[in-house]
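Trainee: Please give me a close look at one part of this model, its pocket. I would like the residues around it covered as well.

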Amino acid sequence: MKKQTAGRDQLGAFAPKFAELNDDVLFGEVWSREEQLSPRDRSLITCSSLLTQGVPQLEAHMNIAKQNGLTKEEMVELITHLAFYTGWPKAWSAFALAKEIFGE
């Protein structure tokens, strides 16, 4: 997996410890545990969680999910399934992102 630098790039000077934890612990140590869960599965789980929260980080993680091998069909199924648990408006928003990222 590519080394994550978003924390340092965006918050390094302002919140250096948070940036370090983001890049080195979350994306370094946790995401690298591929024997426990593949990057694809981690992306599926992460996108599910972010979708249910309705947070803007979903877009970046959908892009990571695509890079990690999640297909358009799988993303559509994930959103459709979660629509009933998280709410119709969140699903609509997620579909707008998915269409941009995975194509029509």
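Mentor: What follows starts with the pocket and moves outward from there.

The model is predicted, so local features are reported only at pLDDT of at least 70 and side-chain atom pairs only at pLDDT 80 or more, while totals for chains, interfaces and linings use all residues. Numbering starts from 1 along each chain as its sequence is written, and side-chain values use heavy atoms, with hydrogens and water left out.

The largest pocket holds about 550 Å³ of space. A pocket here is an open set of points on a 1 Å grid over the protein atoms alone, where a 1.4 Å probe fits and protein lies on both sides within 12 Å along at least five of seven lines; its lining residues have an atom within 4 Å of a point. Points are joined across faces, edges and corners, and the volume is the space filled by probe spheres set on them.

The lining has 20 residues, and those nearest the centre are Gln 4, Phe 27, Ala 60, His 61 and Ile 64. Seven of the lining residues are nonpolar, eleven polar and two charged. In this scheme Ala, Val, Leu, Ile, Met, Phe, Trp, Tyr, Cys and Pro are nonpolar, Asp, Glu, Lys and Arg are charged, and the others, Gly among them, are polar. At least two lining residues come from each of helix H2 (16-30), helix H3 (39-53) and helix H4 (57-67). The largest share is that of H4, with six residues. Helices are DSSP runs (H or I, at least four residues), numbered from the N terminus.

The pocket can also be placed by domain. The chain divides into domain 1 (1-32) and domain 2 (37-102), with bounds from an automatic or database domain assignment. The pocket lies between the two domains because both give residues to its lining. Their C-alpha centres are 22 Å apart. Four residues from domain 1 and seven residues from domain 2 take part in the contact, where contact means heavy atoms within 4.5 Å.

Now to single residues, beginning with one close to the pocket centre. His 61 sits in helix H4. With a relative accessible area of 11%, His 61 is buried; that word stands for under 20%, exposed for over 50%, and partly exposed for values in between (1.4 Å probe, protein chains only). Apart from neighbours within four places in sequence, His 61 is in contact with Phe 27, Trp 31, Thr 46, Cys 47 and Leu 50.

Two of those partners also face each other. Rings of Phe, Tyr and Trp (its six-membered ring) pair if their centres lie within 6.5 Å, with planes under 30 degrees apart called stacked, over 60 edge-to-face and the rest tilted. By this rule there are two aromatic pairs. One of them is Phe 27 with Trp 31, which is stacked, at 5.8 Å centre to centre and 20 degrees between the planes. The other joins Phe 84 and Trp 88; their ring centres are 5.4 Å apart and their planes stand at 75 degrees, so this pair is edge-to-face. Phe 27 is buried at 11% relative accessibility, and Trp 31 is buried at 3%. Phe 84, by contrast, is exposed, with a relative accessible area of 66%.

Trp 31 leads on to helix H3, where Ser 43 is placed. Ser 43 is buried, at a relative accessible area of 2%. Setting aside neighbours within four places in sequence, Ser 43 is in contact with Trp 31, Ile 64, Ala 65 and Asn 68.

Past H4 comes Gly 69, in the loop between H4 and helix H5 (72-86). Gly 69 is partly exposed, with a relative accessible area of 43%. Its C-alpha atom is separated by 5.9 Å from that of Arg 40, although the two are 29 residues apart along the chain. Outside its neighbours within four places in sequence, Gly 69 is in contact with Arg 40 and Glu 74.

Finally, Phe 95 belongs to helix H6 (residues 88-102). Phe 95 is partly exposed, at 25% relative accessible area. Not counting residues up to four places away in sequence, Phe 95 touches Val 76, Ile 79 and Thr 80. Phe 95 and Ile 79 are 16 residues apart in sequence and 7.1 Å apart in space, C-alpha to C-alpha.
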